[in-house]
Each structure stands twice: as C-alpha cells, then as structure tokens.
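Here's a quick briefing to read alongside the model. Have a look at the structure first, then work through the points.

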Amino acid sequence: MKKVLSMMMAFLLVFSMIGCTPKTDTSGDKPEDKPGTETPSKEKPEAKGSIILSTTTSTEDSGLLTFLLPKFTEDTGIEVKTVAVGTGQALQMGKDGEADVLLVHAKESELEFVEEGSGTEREDVMYNDFILVGPKDDPLKLKENSPSDIKSGLKKISDEKAKFVSRGDDSGTHKKELKIWEATNIKPSGDWYIEAGAGMGDVLKMANEKQAYTITDRATYLSMKDDLDLEIVIEKDEDLLNQYGVIPVNPEVLGENSDKINNEGAKEFMNWIISEKGQNLIKEYGVEEYGEPLFIPNAK
Amino acid sequence: MDYILDGFKQAINLIISFNKEIFDIVFLSLFVSTTATVLASMISIPLGISFGIKKFRGKRLFSRITYTMMSIPSVVVGLLVAITLSRRGPFGRLELLYTTKAMIIAQTFLVMPLSFGLSFGLSKSRGKEIQKVAITLGANKYQSIMLIIRELKVDILVNVATSFSRAISEVGAVMIVGGNIKYHTRVITTTISMMNSMGDYPMAIALGIILLLISFIVHSAIYSYSKED
C-alpha cells in the first residue's frame, strides 16, 4: 500500500513537473506573428518607471526571473514587465521596438542584432547547459571513455545502435540536439533513434522506461532525478552550453518615437545583472532545491 | 485567416497524394483501436448480456456504477495502465510501456466498461423475452446467451461501433502509455495534438478529416446493415 501511494505521489510530482519544462523555443517562428501588438505600457513612457524585458521561456519557467526581478526592483526602483517568448520572437520584438531590453540565448543572431543597430551593446550574462543522460550501468561506457565529449558519445551511440530518445518536437532543445548530430556528420535514423514528439519531462520518462540515452537540459533533469534511473553520462562539453546575453534595445529603431524606449532603464538592468550582485544571485538560484545552480553566471 | 484556408488546401493535397507518413499513422490507429475493440467486445458483450438477464441483489446500484464507469476519462485509464506497466510497477518486467501493446491494453480497458454497459442495458430491457423463449426450447444458460446475442446482433453491432468510435477518437490514454513515438506509437489523435502545438496545421487538419471519414464510414456501414436486416 505504501509503495502504491509513493508511486502515486511520484506520478503526481512528475506530472506537475511536465508543466515546468522549458517550452518550445520558437526561434524559427515567423516574424510576422507580432505586428500590431503594441504593448500598452508603451503609451506613457516614464523616465525610470518600468522596462519591458523580452526573454525566453526557459528563464521564466525555471523560476529564475521570479527570483531575480524583485531584487532588481528593490535596488533600482525600476519595475520589470516580462514577456516570455522564443528567442527568435524576442529578437523581433526588439527590432519592432516593443521591448526595452532582451535576455536571450542565440549568440550569433544576437551579435547580428547589435551589428545592424537594433541593439546598443551585448554582454554575456550566464549559461545553462545540456547533458547526455543514460542508464545507470552505462552499457556503452560513455562516462569512462568520453565524459565531456558529446560528439564521440553520439557517434558511439549511433555505431552501437543504442537506444536514444529525441525530443522530435522542433523545440530549442531539439534544435540543439540536431545541431550536434550535424556536427558529427551523422544522420540519426533507425529503430534505435526514438523520435518522441514530446516535452522534456515526457522524454526523460520515456528514456527511463526504455533505458535509453537522451539529451536534456540540466534543470529538468535535476528536478526529476529522484524518479529516474538515469545518470549524467556526458556534460560540460562546449557544444552543450547555452549562452545567454543581455541587449538593451537601441531607441533609434523607433525613429522619431525613440523616446518611447526606456533605454536608461534597460542599461541599468544590464549593468545590474552583470554586476557582482546580480551574478551572485544567479549562482545562488537553485542551489537550495537541487544542490547545484541551474544557471552559471559568466559575465566578464 | 489565410493560414486556415491554406491549411485545408495543403491537407487535401496530403490526403490525395497518399502521403506515406499520414497513412502509416492512420493504419496504426486503425490497428490499435480495432484490436482493442475486438478484445473488449469479446469479453464485455457476453458478460454484459448475462449480467443483464440475471436477477441479483443490488442490481440497481450495480447498474449505476456500470453507467458511471462507461464515462471513465481516458486519461485516468491511461494513468492507471501507465502506473502498472512502468518499470517500477507490478508488470514492469514486461517492458510494455511506450509500445503498441500498451496502447491496445489501455484502449481495451477504456472501452470494456462502455461495451459492458451498453450490452448490459440492452439485455436488461430486451433479453428477458428471448431468454424465456430459449428456456422453453430447452436451452441451457450458455445457449440462451448465444441466442440473445444472435437475436440482438444489430444492436450489439451498434454497440461495437460506438466502442470503436470511442477508442479511435480518444487521445488521453494513448498519449500517456504510447508516448507519441514517431513510426511506433504515433496515432491520429496524438499527432493532431502534437502538430497543433508545433503550429503545423495542414497535417493536423488532414488527419482530422480522415478521422471524421473513418467514423462516417463505420457508422454508415452499420446503418446500412441494420436497414437490410
């Protein structure tokens, strides 16, 4: 009876977790999706009053912003209104002048964004990382042979046709996975390559049931770890990092209406988040709950 | 608005060009739901008929419970089957979760109460008469149940069609126990749900149309059969 009960509780937990997995990163979304949705707060610009932060779902879903932003408001008196969208859409909001500051993770597009004059500058803020998890006994011995080399790990998996679960849902994590496969010059296909078409939580459960390997973001794995017979096999490879940058939007994108963008507040936000205090707070977040931080600050 | 119209156009194209992925999904759906319906019917119909004609204490309460079970949510069935089949569960060693077999099991359990309830109701209202005739002809218990089934075959066929419709149109149970794995456990309803969240409407619409067509064909076949009879 106790076992059944604890199992039920575990399922309850897992299901509640599914809701927390980072939503699809719609970087591929059409930019036309957003025109005309003028944010109401833009009507009355205040010198310092509030800023609009456009960011990705992962920072919001992980609870990091809920933890950070009140402290920022306390320090500066600036209120932050967050819009959590995919990276692609966040950048587009910047271009359309619908946000004052961006916190996103697509370094190449970000640099482009600044270069073309839509943003004034860009600073590294933090990174989170992806990990390869697999069965506890690690039949391919990836942990021994290549603990931080994801490419050779994937190569081994495909050579040996070991089961591998892919998100297969066109999300940010799925794109990241495909990018790494591309880098190995392998086109994964066959019975061993399981395309789930599901969220991160579901995929982890599936990998657990099938005792397969999968690539996951660390936060989701840590939050479900107790219910999984899966262990981290490969981590800390450069290819597995997900760098976040902060960019204040250039007021000139709005032309003569440039005063509608709170550039001062945006700059203050950037300076705060890359300051020692901001960075320390990022490092603190998640330690209490998961034993290690979910995001690792790396501002210069 | 254009994307809806475009979606329909592309959907029709996908159907008439016999897109392989779509038809694989459709066939898997048909296979899983037909197998589940047949299994459930084989167990539930004879049982339902025999309980319907039987006199026993608490039959009214029994009816009520049965009718409640008929509308058991598919996610609940999915959850229960998933817990039992999970690696940590009692049947974990069979490694059935996230396979087609698990989907058939879940849909069988989903449809069984429905099929049982419908046959139970049918035999409660119309089985008695036939049973009397059977007994006068000297039939034993088994034979009289068979006679009832034969006499009521049109209504029973409608029951089977209803069960099949419920099985093929549900998404909760197959999503949980199947996991929507491409080429393996991806059926019509789970694909529609996934395509919607990915914003890929043409395929979702195409499958929606096919799902409706299947229901239409099944029900018109049953209808024309019952007319002939």
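Two residues are in contact here if their C-beta atoms, placed from the backbone, lie within 7 Å. By that yardstick, 78% of the chain B contacts between residues at least 6 apart in sequence join residues at least 24 apart. Keep in mind that this is a predicted model, where local features need pLDDT of at least 70, side-chain atom pairs count only at pLDDT 80 or more, and totals for chains, interfaces and linings use all residues. As for labels, residues are numbered from 1 along each chain as its sequence is written, while chains are lettered from A and ligands numbered from 1 in the order in which they are written.

**Confidence in chain A**
- Chain A has a mean pLDDT (the predictor's confidence in each residue, from 0 to 100) of 83, with 84% of its residues at 70 or more.
- The low point in chain A is helix α1 (residues 2–18), at a mean of 58, and the high point is strand β5 (residues 164–166), at 96.
- Residues 19–47 of chain A have pLDDT below 50, and this stretch has 50 contacts in the model beyond near neighbours in sequence.

**Chain B layout**
- Chain B has ten helices and zero strands; helices (H or I, at least four residues) and strands (E, at least two) are DSSP runs, numbered from the N terminus.
- Its C-alpha trace spans about 65 × 50 × 25 Å along the principal axes.
- Of the 229 residues in chain B, 38% are buried, meaning that 20 or more other C-beta atoms, placed from the backbone, lie within 10 Å of the residue's own.

**Where the chains meet**
- On the chain A side, 14 residues are in contact with 13 residues of chain B.
- α1, β6 (193–195) and α9 (200–210) of chain A each supply at least two residues to that side, and α9(A) gives the largest share, four residues.

**Nonpolar cores**
- A nonpolar core is a set of buried Ala, Val, Leu, Ile, Met, Phe, Trp, Tyr and Cys residues joined through C-beta atoms within 7 Å.
- The largest one has 84 residues, and A:Ala207 and B:Ala102 are among those with the most contacts inside it.
- Helix α5 (residues 100–136) of chain B gives the most to this core, 15 residues.
- Beyond its neighbours within four places in sequence, B:Ala102 has contacts including B:Val81, B:Leu85 and B:Val177.
- Another core, of 36 residues, lies apart from it and includes A:Ile51, A:Leu103, A:Tyr244 and A:Val246.

Conventions: Buried ≥ 20, exposed ≤ 12 C-beta atoms within 10 Å, placed from the backbone.
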